[in-house]
Amino acid sequence: MIYFNHTKIDNDGKYIEFEALCEDKVLGKCTLFLGADAAEITEISYDESNAYIIDGIIKAAFNYAANRNYYMGICSAKGADMYISAMNFCKTDKGYCNDIPSILMGSCKSCSK
């Protein structure tokens, strides 16, 4: 079973690292920054064989942000454009963004490839 773990990585609690775990194996990670106006995923890392985990880890991070009263989500992480563009994000000059409820409703249809 896959589960998602989070760890605050700074003293202010503004940066949180999320890990997707299966038993003790890390399938992917992302870093969430809780800014003044929006929650932003700044980094994503994953093994190509576990690309399906991107959808879940992004949703885990934005669900965490939504539970802390954030409404807007941005993903500026490099290297996951192909997967992120299939979710409910709008591409802007700041990265991919949308309101968090829409992001959480979306489905990454290309992640199963």
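With 113 residues, the protein chain would be expected to have a radius of gyration near 13 Å if it were a compact globule, and its value of 13 Å agrees with that. The model is a predicted one, and along its principal axes the C-alpha trace spans about 35 × 30 × 20 Å. Buried residues make up 48% of the 113 residues, while pairs 24 or more positions apart account for 48% of the contacts with a separation of 6 or more. The accessible surface of the protein chain comes to about 6,300 Å², and carbon and sulfur atoms contribute 49% of that area.

The chain contains three helices and seven strands, which follow one another along the sequence in the pattern β-β-β-β-α-β-α-β-β-α. Strand β1 covers residues 2–8 and includes I2. On the surface, I2 joins F4 and Y52 in a nonpolar patch whose accessible area is about 250 Å² together. I2 itself counts as partly exposed because its relative accessibility is 33%.

The structure holds zero disulfides. For C75 the reason is distance: the closest cysteine sulfur, in C30, lies 8.0 Å from the sulfur of C75, which is too far for a bond, given that a disulfide requires sulfur atoms within 2.5 Å.

The table gathers relative accessibilities for individual residues.

| Residue | Relative accessibility | Class |
|---|---|---|
| I2 | 33% | partly exposed |
| C22 | 29% | partly exposed |
| C75 | 1% | buried |

Of the cysteines listed, C75 is thus buried at 1%, whereas C22 is partly exposed at 29%.

Methods. Residues numbered from 1 in each chain as written. Predicted model: local features only at pLDDT ≥ 70, side-chain atom pairs only at ≥ 80, totals over all residues. Heavy atoms only, no water. Patch = residues over 30% accessible without salt bridge, like charges linked within 9 Å, V, L, I, M, F, W, Y side chains within 5 Å. Areas by Shrake-Rupley, 256 points an atom, 1.4 Å probe, with all protein chains shown as cover. Salt bridge = Lys/Arg side-chain N within 4 Å of Asp/Glu carboxyl O. Helix = DSSP H or I, 4+ residues; strand = E, 2+ residues; numbered from the N terminus. Buried < 20%, exposed > 50% of the residue type's maximum accessible area, 1.4 Å probe, protein only. Rg over C-alpha atoms; globule rule 2.2 N^0.38 Å. Contact = heavy atoms within 4.5 Å.
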